[in-house]
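Please read this briefing with the structure open beside it. The topics are charged pairs, a sheet, and a few helices.

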Amino acid sequence: MIGREHEQELLSRFVTASGGRALVLRGDTGVGKSALLAHTVELAAGEHRVIRVAGVEAESELPFAGLHQLLYPLLSHIEQLDETHRGVFDAVFGAGKGAAPSVMTLGIAVLDMLALAASAQPLLLVLDDGQWLDASSTAVCGFVGRRLTGSSVKLVVALRSAVPSGFDTAALPELPVTTLSEEASEQLLDTRHPELDPRTRRTVLDEARGNPLALLELPAYLRGKRIGRDTAELFGYTGIPLPQRLQHVYGARIVALGPAVRAELLRGALDGVGAGTAAGADHARRARYRMRDADEAVDAGLLEVDPLTGEFVFRHPLVRSTAVQMATPNERRAAHAVLAHEHREDLERRAMHLGASTVDPDEEVAAALEAAADSATRRGGAQAAVAWLTRAAELSESHEERSRRLGSAAFIAGHAGLLDRARQLAGSDTASGRGESPASVVASGYAAFYEDGDVRSSHRQVVAAIEDIRDRGVREPDEVLTRLVNLLLAISQYAGDEAAWQRTHELLGTLGDLVPAHSRLYEDAWGDVVRRGAGVHQRVERAFAGLHGLEPWDVTRLCVAAYHVDTLSEYRAHLQRTVDREVETGAMTVGMTMLHLIMLDQIAVGEWDEAERTGQRCLELTTAHRNTLFLYHTSAYLGLLAALRGDVARARELQAAVDTWARPRGVGLLTQIADATGTAAALAEGDYEAAYLHAIGITSPGSFTPYAHQASRSLLDLVEAAVHTGRSAQARAHALAARDADLPDVSPRLALITYGALAMTATDPAEADAMYTRAETHPAAAVFPYEHARIRLAHGIRLRHTQGRKAARHSLALAAETFERLGAPGWAERARAELRATGTVTTPASPAHLSALTWQEQRIADLAAGGLTNKEIGERMHLSPRTVSSHLYRVFPKLGITSRAALRDALGKLPRD
């Protein structure tokens, strides 16, 4: 090798270094990446077992095709894995019928297999043309590459600079492979082609521009040419990229071949036969077209014979590309037809080649492509599914089938976050003059909904489309109708508006059995669980029994239903197994919804640090993919989480941003979360008056606003704020309304907070004790620690006042411990203050916390310490006695006290200006 001393030194250190690691070689076509890979293999010979893999463009849309190449030589180690990890590989090898595993699950299984294989001899994994690896395999290889430290496995990947790849964001170490210097170029050219005359030599150097492949190949092309002609005449337009000039070089050789040999090259190229010695071994792993009687191409320097298998392989990837580009459309279609027959047992590859071989509408081919798209969707290949469904639509024999398939392609594109593509597909279905089809309404509705949060016009548009289908006399359940119904339910959920929901219920009521059972479940769960939530928990459980037959978006919809009845924890493991796959393979909308659900469950069960990380990841995705609705939805959850953690400034900033965007658009779901954020922030500060005012903005005391999903969720907030501001009647009325609405039967969390609310508002000591016992011993108490701790705190305060300090200590200590573990400082300090009032020594609050009184709080505390009543303080400061009381409730935990009598001493310890 000439001019690669630096790269050779780095690769030598890479191979001989102890422990596992990964390295990416990135450079332009023909710059010598493959030669450097071959050098790396030579360095590793003897010490390492080498596995070579080559990405091929023809399989870049086939999920797990590249991983199949990588794992095939290691199949003997699968039996040594545990049953769980063995099952994971079924998706890769096509043996299983379940959903594909997540990137993390599959990556961990691959790491285990590699560790087993490397226990006998260190492994070197060599991946050429990594830019053509399918997205699923790329994601797993990136995951594995980042975790090789401490192992005996090394991974080296070669990438073409001009082609985007999933490896671009894999965060693996890179070694740029640049063109050769002028000196090295001259040395290489003179070594390999010493016979060139000065003028030809200069032409080659000028045109090659340091590209080693060009330096080696151009002289043979120029032989016999009249160098006196202008350079532009030899190479065509001089501004074209170098690879196209090299394809011109190979094209001259291909044209010189006989027709039969050219056809063999074309079939091999279209089927993804690789280049170099890595390609031959690939034949043993996966059925590929075997080129025959192609010795003429070997003599022309286009093919070579792999020494391991004896199969013909391409000398360089550019030969493969040139063979395709030089072929006429008819020649390519004929080759694809041969390949479709060759792969008649492989659903996806047969359909892919059939689609490329067919010109005129053909319903049989269209159906095959549609079946392949369904398979790809289940395996995590959303983008391949969109491409195949689009081609199926082009080949459909009837307008109805074309419209349906375009709608399916647009539907999947929308769920993949490809909103522009979804809109384009939807628009392409209007050429018939029949106006916007129902399928295009689905696609355009999702695009407008997700991108702009347009709930009002989207609701009207989808209602009209459903009415049109109904009025045409549809008698059987219809895929497009089901998608419209589910879209209407999603829009209604985000609207959170009673009138919109009533219109939705009325319309679905006229459809009868045309609405599937799952959609009826969403109708009840997503709208108003107070009035329609009875039995939803059990229906969700039954629906999840058939999980393996569900599409990813069906799983997310069922999980949304589970969230509304507070049973999401039962299904979160599946979400976490699936979300990485959905995001990595391009199903962005489904992936973002899954992240929302995971975050909500993390908040509910008290995993607040993890919830923050999940929320930030989702925020990055929504920003990158311009999904405005999900951006503000994520911001709303992050604001609520900040409020629970006492980060009031951030909570109110996010609350204001969400409310400003959502309220004018009528996105009630988000405005309610914003109101809940305000309530939680005020409670965290101990500002019960402000908390009450926010809470009654969600629902009035004693009732639950229809279709306001936060109405029941904020039950405890409203009751507790009312109790602490002297509104005992309103608090009791609200607790009784929850009981009378049978909320404990709807969800475990609603049972917990209903019993807690009844206990807080009970005037009969026996009833209070019974309700506190029922709440604190409820199975949900262990699942929802934040609500449980608040109920324990209220119980401890009651016990201290009714049974004495000793009786209260246990409940207060448990409450304080939970709040501290959760990271809720305001609540934790309140519990510690109550605990100190029982005579228990606790960790004192920090001076910074003690001194964090606002000017108004300081003034009220001073007046109260001076003996003034709340009414007298209010008269002096132009406040209501209730507002004064609320301020004092906030001041007491800040000062670490529980009564007015301790104010004077506590205030004396504060620094004064």
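**Salt bridges**

The model, which is predicted, has a count of 47 salt bridges. Side chains of opposite charge can pair when their charged atoms come close. Three of these pairs are described here, followed by the sheet, one helix and one residue in another helix.

*R404 and E479*

- R404 and E479 form a salt bridge in which the closest N and O atoms are 3.4 Å apart.
- This pair links distant parts of the chain, as R404 belongs to helix α21 (residues 399–415) and E479 to helix α25 (residues 479–495), 75 residues apart.
- R404 has 19% relative accessibility and counts as buried, because the cut-off for buried is under 20%.
- E479, at 36% relative accessibility, counts as partly exposed.

*E787 and R749*

- E787 forms a salt bridge with R749, and their closest N and O atoms are 2.9 Å apart.
- E787 sits in helix α43 (residues 785–802) and R749 in helix α41 (residues 748–761), so this salt bridge ties together parts that are 38 residues apart in sequence.
- E787 and R749 are both buried.

*R836 and E829*

- Between R836 and E829 there is a salt bridge, with the closest N and O atoms 2.8 Å apart.
- R836 is partly exposed, at a relative accessible area of 24%.
- E829 is buried, at a relative accessible area of 0%.

*A network*

- E363, E370, E401, R404, R405, E479 and R483 are joined into one network by salt bridges that share partners.

**The sheet**

- In what order do the strands of the open sheet stand? The order is β2-β3-β4-β1-β5, with 5 strands and parallel pairing.
- The edges are held by β2 (49–54) and β5 (174–176), each of which has a single partner strand, so one side of each is left without a neighbour in the sheet.
- On average, neighbouring strands of this sheet are turned by 15° against each other, direction ignored.
- Strands of a sheet pair through backbone hydrogen bonds, either parallel or antiparallel.
- Strand β3 (residues 123–128) and strand β4 (residues 153–160) run parallel and are joined by 5 bridges.
- V126 stands opposite V156, a residue of β4.
- Helix α1 (residues 5–16) lies across β1 (21–27), β3, β4 and β5, and runs at about 160° to β1.

**Helix α40**

- Helix α40 (residues 728–740) consists of 13 residues. From its first C-alpha to its last, α40 reaches 18 Å, close to the 18 Å expected at 1.5 Å a residue.
- Which residues of α40 are buried? They are A731, R732, H734, A735, A737 and A738.
- An α-helix has 3.6 residues a turn, so residues three or four places apart point the same way.
- The buried residues of α40 pack against three other helices: α39 (715–724), α41 and α42 (765–776).
- After α40 comes D742, which has a positive phi, near 60°.

**T390 in helix α20**

- T390 is part of helix α20 (residues 382–394).
- Is T390 buried or exposed? T390 is buried, with a relative accessible area of 10%.
- Setting aside neighbours within four places in sequence, T390 is in contact with A409, R421 and L425.

How values were computed:
Residues numbered from 1 in each chain as written. Predicted model: local features only at pLDDT ≥ 70, side-chain atom pairs only at ≥ 80, totals over all residues. Heavy atoms only, no water. Pairing = 2+ DSSP bridges. Helix = DSSP H or I, 4+ residues; strand = E, 2+ residues; numbered from the N terminus. Axes fitted to C-alpha atoms, helices over the stretch in contact; angles between N-to-C directions. Contact = heavy atoms within 4.5 Å. Salt bridge = Lys/Arg side-chain N within 4 Å of Asp/Glu carboxyl O. Buried < 20%, exposed > 50% of the residue type's maximum accessible area, 1.4 Å probe, protein only. Expected span 1.5 Å × (residues − 1).
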